[in-house]
Amino acid sequence: MLPESTVPLPVFPVPALGPALPEIVLAVGALVLVLVGAFRGERSTSLVSAGAIGLMLVALALVFFAPAETEVTFFGAFVNDAFARFFKVLVLIGSIVALMMSHDHFRRLGIDRFEYPILIVLATIGMMVMISAGDLIALYMGLELQSLAAYVIASIHRDDGRSTEAGLKYFVLGALSSGLLLYGASLIYGFTGTVSFEGIQLFLADGASTGVIFGLVFLSAGIAFKISAVPFHMWTPDVYEGAPTPVTAFFASAPKMAAMALAIRVFMDAFPTIVDEWQQIVIFISLASVILGSFAAIGQTNIKRLMAYSSIGNIGFALIGLAAGTEAGVQGVLIYMAIYLVLTLGGFACILGMRRGGIVLEDIRDLAGIRRNHPGLAFCLAAVVLSLAGIPPLAGFFAKLYVFLPAIEAGLTLLAVIAIVASVPGAFYYLRVVKIMYFDEPVEAYDPMPAPLGGVMIATSVFNLVFWLVPAPLFAAALIAARSLS
């Protein structure tokens, strides 16, 4: 009989699961939905879609009513603070609304499959992990979970060559960006000796070495791809145009929120002591995105490609607040992204309503004179594009105002002035859409609009028009979220 060992076995602490409860609920629910779909086949599509929406509503409630204090678990890899909760609410709203708008569209195209809502749930889990990442490993895990699901979603219409092409382009360029990001993360780890954002911040208290700066450049390149910022925007117009319109609506909303949250978390949590180094990167990306987004959209005739370039330009405006490197700048970005989410969902609800004889229309000229046949749709889309142009007193005006002010306070007046001047061509193509809808000769009427699209249009229009009357709740939530990062 062997003697008992006197060497004590190592005891590993069990991480608290409470801070990650919304993600756990979604993960377990996704597994259940997979089983339902596997046993019932395509007959389960409506049930799985309803279950996915219900799951995300439960997760939204858990996030909304979570404790106010900051919680850290999984040995610092997962952070649940006010900043994370703010962006998780935006991500969940974007995913829920995008899924609601997709059911009728996919049913009419004959591609209503149970896999789609499950992939949306899995992508949402990845986005929520990205938002709460406390180190480089959690960051990469969340990013890849979201990306892998997104690649499949982009090509969900397997019989459509454009959708397949969009998925392939997204996959190839996404793999390249992931490689850049991972290489940058490895350089940062190699020169700092830690993957923790808190540890990196402490290591860089006295400045950064050349190796860390190189790693930060590669990391920034990977993040810029995810937010579709110039010069890593090349996938955006093709994917937006080729993917089914509800998928485009999803890509333009929830993943943009998560990617911007990731950018803020990385720069403000891991590198706040070397603002001067990364500020130059953000300023260049911001200006290039605003300029390209404003000029490249002028010649577009496809409404989805126009929204793609508009998205690039709007990301550039949001980055102006981040370039300030201050708490007020972060607050401005949070306000901007929340308003941009609402405008994007409202805009794509209008685009999904452009259907005649069961055929989805994407040409801007198909909007000619719709104010006569569809005054509600024309009003909603006009309000969206004018708000994106920054026309007061619509919500988009305040979004731009609250990223410009912190930039000016931080001494980046020239950046703000150039961005304002560069936005003038953007106003031209937005106004062209309004002119086509209200002043061109009318074309044949569209098909009746499904109730979910009408509901989204009404809700986003009300928000857009009355935001200036009650801006305080969003401003207060953004301020609390921004302060939780410091």
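Here is a quick look at the two largest pockets in this predicted model.

Some ground rules first. Residues are numbered from 1 along each chain as its sequence is written, and side-chain values use heavy atoms, with hydrogens and water left out. As the model is predicted, local features need pLDDT of at least 70 and side-chain atom pairs count only at pLDDT 80 or more, while totals for chains, interfaces and linings use all residues.

Rolling a probe the size of a water molecule over the atoms shows where empty space is left. Here, on a 1 Å grid over the protein atoms alone, a pocket is an open set of points where a 1.4 Å probe fits, with protein on both sides within 12 Å along at least five of seven lines; lining residues have an atom within 4 Å of a point. Grid points are joined across faces, edges and corners, and a volume is the space filled by probe spheres set on the points.

| Pocket | Volume | Lining residues |
|---|---|---|
| Largest | about 550 Å³ | 19 residues |
| Second largest | about 280 Å³ | 16 residues |

**The largest pocket.** Closest to its centre are Phe 64, Phe 86, Val 89, Pro 473 and Ala 477. Helix α3 (helices are DSSP runs of H or I, at least four residues, numbered from the N terminus) gives the largest share of the lining, six residues. By class, the lining has 18 nonpolar, no polar and one charged residues.

**The second largest pocket.** Val 79, Phe 197, Glu 198, Arg 265 and Asp 269 sit closest to its centre. Here α7 gives the largest share, three residues.

Technical notes:
Helices (H or I, at least four residues) and strands (E, at least two) are DSSP runs, numbered from the N terminus. Ala, Val, Leu, Ile, Met, Phe, Trp, Tyr, Cys and Pro count as nonpolar, Asp, Glu, Lys and Arg as charged, and the others, Gly among them, as polar.
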